[in-house]
Amino acid sequence: MKALTWHGKRDVRVEQVPDPAIKEPTDAIIRVTTTGICGSDLHLYEVLGPFMGEGDVLGHEPMGIVEEVGAEVTHIAPGDRVVIPFNISCGHCFMCDRALYAQCETTQVREYDTGAALFGYSKLYGEVPGGQAEFLRVPQAHFGPIKVPEGPPDERFVYLSDVLPTSWQAVEWAEVPDGGSVTIFGLGPIGQMSSRIARHRGYRVIGVDIVPERLEMARRHGIEVIDGNETDEVPEAIRSMTGGRGTDSVIDAVGMEAHGYTLGKLAQTVTGMLPDKVAAAMMTRAGLDRLAALQDAFETVRRGGTISISGVYGGMTDPMPMLQLFDKGVTLRMGQAHVKRWIDDLMPLVTGDGDPLGIEDLATHRLPLDQAPHGYEIFQKKEDGAIKVLLTP
């Protein structure tokens, strides 16, 4: 089959790789019909190379048609249309019983002391072949796949794999009070959907970014926006809009790709030049992130408020302003999305009449799988108005 494979920093290629096959009775094989490029994929493209292997198949946002199932998979059958959550969870361990599916102990990658295995996401998360491919082997398929109805286009459902549950959790974790306010740093796919979900719930939403196309998309959906290019003091601008206090909650939807933090950028660049073993050791012990957005979040949230972090960070000893956080009484919530925890909340919004979250106004580029390298390039460089790229194998 054709699949997108990793070969080094900013070097991904569509190649022929062996077809997947059933290995365990809890496996399934799906024929991928649509798959997304995620902002987290850009970390593999740019920063997390020390944990990648030559030829690793990328991608963790797929949906498609079931081709084959193992003997213990009974809730889906060949021909079913399904979305595949990005985290691989068993559904019955200690963590899954508590709906903490991103911490599944059955698939946990203990070698690196990380959580549940993820599709297409480096040795840190199990090095499981991903879904930017024509076919995908799905482990733990007795639990993971989400059946969706026939009829509406893939675009209505594919975001259930990651974008929608991650955004829903970001808003849940933000603990915005009824009628309250939330600032969202970063208006990429997660920031866009977090903004729309928060507004759908009746909150005041202020979005912050520096990319004109992202700001314009947010405006189309009724979000107040601040262009970071037009002010050196974003937190002060937000305080001026909120009676001097700041918003009740803040969502960091940026993570380690944030612009403006020179030392973090230098550390990432230097790490990328080191041999893989040295770089991997440095990344697991050092602070490598560009923390501009997170620092602004600390400044922006009102006293006693909550910061929800959905952006991915990779450093282990990043500096934290503990005096400020303690003094302000700030609550922090963060982590990978527990995808299946939120599906019952989201399914009515993607299957009902209308499109209350504007799901069909998120993808800016729809490309065949053969053009995936181009999709990565324009997404990483924020060129050609790229906000969300979907691939069709």
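Which residue just after H5 takes a positive phi? In this predicted model, that residue is Gly222, with a phi of about 75°. Let's begin with the whole protein and then come back to H5.

## The protein as a whole

The protein contains 12 helices and 15 strands. Of its 393 residues, 58% are buried. Taking the contacts between residues at least 6 apart in sequence, 73% join residues at least 24 apart.

## Helix H5 and its buried face

Helix H5 spans residues 212-220, and its buried residues are Arg214, Leu215, Met217 and Ala218. Looking down the axis of H5, you will find these buried residues within an arc of 160°, so they line one face of the helix. A general point helps here: an α-helix has 3.6 residues a turn, so residues three or four places apart point the same way.

What lies over that face? The cover of the buried residues of H5 includes two helices, H4 (189-200) and H12 (372-381). It also includes strand E9 (204-209) and strand E10 (224-227). Just past the end of H5 comes Gly222, the glycine with the positive phi from our opening.

## Helix H1, enclosed and packed on H12

Helix H1 covers residues 39-46. Seven of its eight residues are buried, so H1 is largely enclosed by the rest of the structure. The buried ones are Ser40, Asp41, Leu42, His43, Leu44, Tyr45 and Glu46. They pack against three strands, E1 (2-8), E2 (11-16) and E3 (28-37), and against helix H12.

How do H1 and H12 meet? Their axes come within 10 Å and cross at roughly 100°. Because angles of 65 to 115 degrees count as roughly perpendicular, H1 is roughly perpendicular to H12. On the H1 side, the contact is made by Gly39, Asp41, Leu42, Tyr45 and Glu46, and on the H12 side by Tyr376, Glu377, Phe379 and Gln380. By class, these residues divide into four nonpolar, two polar and three charged.

## Helix H3 against helix H11

A second helix pair worth a look is H3 (residues 163-174) and H11 (residues 343-351), whose axes come within 10 Å and cross at roughly 120°. The two helices are therefore oblique to each other, and their crossing is right-handed.

From H3, the residues making the contact are Leu164, Pro165 and Trp168. H11 contributes Asp345, Leu346, Leu349 and Val350. The contact of H3 with H11 has six nonpolar residues, one charged residue and no polar ones.

## Two buried loop residues

Asp154 sits in the loop between strand E7 (146-147) and H3. Is Asp154 buried or exposed? With 15% relative accessibility, Asp154 counts as buried, since buried means under 20% relative accessible area. Leaving aside residues up to four places away in sequence, Asp154 touches Thr33, Thr34, Met63 and Arg81.

Gly358 lies in the loop between H11 and strand E14 (365-368). This glycine is buried too, with a relative accessible area of 11%. Not counting residues up to four places away in sequence, Gly358 touches Met193, Arg196 and His221. Gly358 and Gln192 are 166 residues apart in sequence, while their C-alpha atoms are 9.8 Å apart in space.

## Positive phi outside glycine

Back to the backbone, where Glu175 has a positive phi near 50° although the residue is other than glycine. Glu175 is found in the loop between H3 and strand E8 (181-185). Its relative accessible area is 41%, which means Glu175 is partly exposed.

Lys382 is another residue with a positive phi that is not a glycine, and its value is about 55°. The place of Lys382 is in the loop between H12 and strand E15 (389-392). At 30% relative accessibility, Lys382 counts as partly exposed.

How values were computed
Residues numbered from 1 in each chain as written. Predicted model: local features only at pLDDT ≥ 70, side-chain atom pairs only at ≥ 80, totals over all residues. Heavy atoms only, no water. Buried < 20%, exposed > 50% of the residue type's maximum accessible area, 1.4 Å probe, protein only. Helix = DSSP H or I, 4+ residues; strand = E, 2+ residues; numbered from the N terminus. Arc of directions from axis to C-beta. Contact = heavy atoms within 4.5 Å. Axes fitted to C-alpha atoms, helices over the stretch in contact; angles between N-to-C directions. Parallel < 35°, antiparallel > 145°, perpendicular 65-115°, else oblique. Left-handed = near helix turned anticlockwise from the far one by under 90°. Nonpolar A, V, L, I, M, F, W, Y, C, P; charged D, E, K, R; others polar.
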